[in-house]
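Me: I'm new to this one and would like a walk through it. Can we take it question by question?

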Amino acid sequence: HAHLLGIEPLAPRDITTILDLADQYADRGRSAAKYGDALAGLTQINMFFENSTRTQASFELAGKRLGADVMSMAMQASSIKKGETLIDTAMTLNAMHPDLLVVRHPHSGAVNLLAQKVNCAVLNAGDGRHEHPTQALLDALTIRRAKGRLHRLNIAICGDIAHSRVARSNIILLGKMENRIRLIGPPTLMPAGIAEFGTEVYDDMKKGLEGVDVVMMLRLQRERMDGGFIPSEREYYHRYGLDAEKLAHAAPDAIVMHPGPMNRGVEIDGELADDLRRSVIQQQVEMGVAVRMAAMDLLARNLRSRATTETVMA
Ligand code: CP
């Protein structure tokens, strides 16, 4: 693949290839061994048009650990503020010959559009409600390491599904790997055309969580609720917030996940989020660096092999 724009175009074997390499990077990180220099001589530019802590920091660290020259644009201070368009901004940076462009944008489809205009590898760091592929990959690696497999698991994705690119990429990935997926949340926060996803849908947390192996919580994405239904936080926590009582309905060894940023006392009890016997939230962050190293390493191999082919053909 020339870009990483979403999970949708990936085959199960592509997903396994990325996860296997990320697994190696994760193990090397724990043993203090050197990561190698897969991105040496390459330039990586990060363009985040929406706030980020985890994704931006981990893409930057991943690039630096593999030897890339990394520049993170401060988009708030860029000429976007003077009216320059996304595409003109991207073309301007493209003229400086980056090899890897990491892009987050509030509009669904914006990153795919940009990828058609530039001649470097583009990685989608989250576009609107559409996809957040590296998040789904890091979640998959966390599940695989905790459960020893990534198939035939019962996985509950809970909360604001409608506005969540994390949910969408996870539903696609976990479905491709043949897991059973349950979506739990208020009907007002379920996306239209939910039947097409091939998932089970629940309005009741205790019923939906019955016997599941993995519980994935999501944040209420108020920034994408344009004037429509906005639940009260207290009411929401009471009905849909994950606490020990609701979790008791899941399998005894079920793991608790959250992509972050997390709102304690809204979608998850703070003590449960910190309970290292159940919560793998910190492992998710750790796997985020490994998965982004693997994704950029594989795209760089593709860039280098294309460059060799072009030289031979010229
Ligand atoms: N999970 C995630 O995308 O977090 P950030 O918005 O902090 O990058």
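What follows is a chat about a predicted model, going from the whole chain down to single residues.

Me: What mean pLDDT does the protein have?
Reply: Since this is a predicted model, confidence is a good place to start. Of its residues, 98% reach a pLDDT of 70 or more. For the complex, the predictor gives a pTM of 0.96 and an ipTM of 0.97. The mean pLDDT of the protein is 94.

Me: How many helices and how many strands does the secondary structure come to?
Reply: Helix H2, for one, covers residues 54-65, and strand E9 covers 255-257. Counting up the whole protein gives 11 helices and nine strands.

Me: What radius of gyration does the protein have, and what would a compact globule have?
Reply: The C-alpha trace spans about 65 × 45 × 35 Å along its principal axes. With 314 residues, a compact globule would come out near 20 Å. The protein agrees with that, because its own radius of gyration is 20 Å.

Me: What share of the residues is buried?
Reply: Buried here means under 20% relative accessible area. On the outside, the protein exposes about 14200 Å², with carbon and sulfur atoms supplying 51% of it. As for the buried residues, they make up this share of the 314: 54%.

Me: What share of the contacts with a separation of 6 or more joins residues 24 or more positions apart?
Reply: Take the contacts in the protein with a separation of 6 or more, and pick out those between residues 24 or more positions apart. Their share is 73%.

Me: How far apart are the mean positions of the positive and negative charges?
Reply: There are 37 positive and 38 negative charges in the protein. Take the mean position of each set, and the two are separated by 2 Å.

Me: Is Thr55 buried or exposed?
Reply: Thr55 sits in helix H2. Its contacts beyond four places in sequence are Phe48, Arg104, Ala125, His132 and Arg292. Its relative accessible area is 4%, and the cut-off is under 20%, so Thr55 is buried.

Me: Gly63 and Lys64 are both found in helix H2. What is the relative accessible area of Gly63, and how does Lys64 count?
Reply: Gly63 touches Leu39, Gln44, Ala68, Val70 and Met296, leaving out residues up to four places away in sequence. Gly63 is buried, with a relative accessible area of 0%. Lys64 has 46%, which falls between the 20% and 50% cut-offs, so Lys64 counts as partly exposed.

Me: What C-alpha distance separates Lys64 from Leu39?
Reply: Along the chain, Lys64 and Leu39 are 25 residues apart. In space, their C-alpha atoms are separated by 8.5 Å.

Me: Where is Leu10, and how far in space is it from Leu173?
Reply: Leu10 belongs to the segment before helix H1, which covers 12-31. It counts as buried, because its relative accessibility is 5%. Among its contacts beyond four places in sequence are Ile18 and Lys176. Leu10 and Leu173 are 163 residues apart in sequence, yet C-alpha to C-alpha the distance is 8.6 Å.

Me: Which residues does Ser164 contact beyond four places in sequence?
Reply: Ser164 lies in the loop between E5 and helix H6. With a relative accessibility of 3%, it counts as buried. Its contacts beyond those neighbours are Arg129, Leu218 and Gln221.

Me: What is the phi of His97, and what is the phi of Arg152?
Reply: Most residues other than glycine have a negative phi. His97, in the loop between helix H3 and strand E3, is exposed at 63% relative accessible area. Arg152, in the loop between helix H5 and strand E5, is exposed at 67%. Both have a positive phi: His97 is near 60°, and Arg152 is near 50°.

Me: Is the peptide bond from Gly260 to Pro261 cis or trans?
Reply: Most peptide bonds are trans. Pro261 lies in the loop between strand E9 and helix H10. The bond from Gly260 to Pro261 has an omega near -10°, and it is cis.

Conventions: Residues numbered from 1 in each chain as written. Predicted model: local features only at pLDDT ≥ 70, side-chain atom pairs only at ≥ 80, totals over all residues. Heavy atoms only, no water. Helix = DSSP H or I, 4+ residues; strand = E, 2+ residues; numbered from the N terminus. Rg over C-alpha atoms; globule rule 2.2 N^0.38 Å. Buried < 20%, exposed > 50% of the residue type's maximum accessible area, 1.4 Å probe, protein only. Contact = heavy atoms within 4.5 Å. Areas by Shrake-Rupley, 256 points an atom, 1.4 Å probe, with all protein chains shown as cover. Lys, Arg positive; Asp, Glu negative; His and termini not counted. Charge placed at Lys NZ, Arg CZ, Asp CG, Glu CD. pLDDT = per-residue confidence, 0-100.
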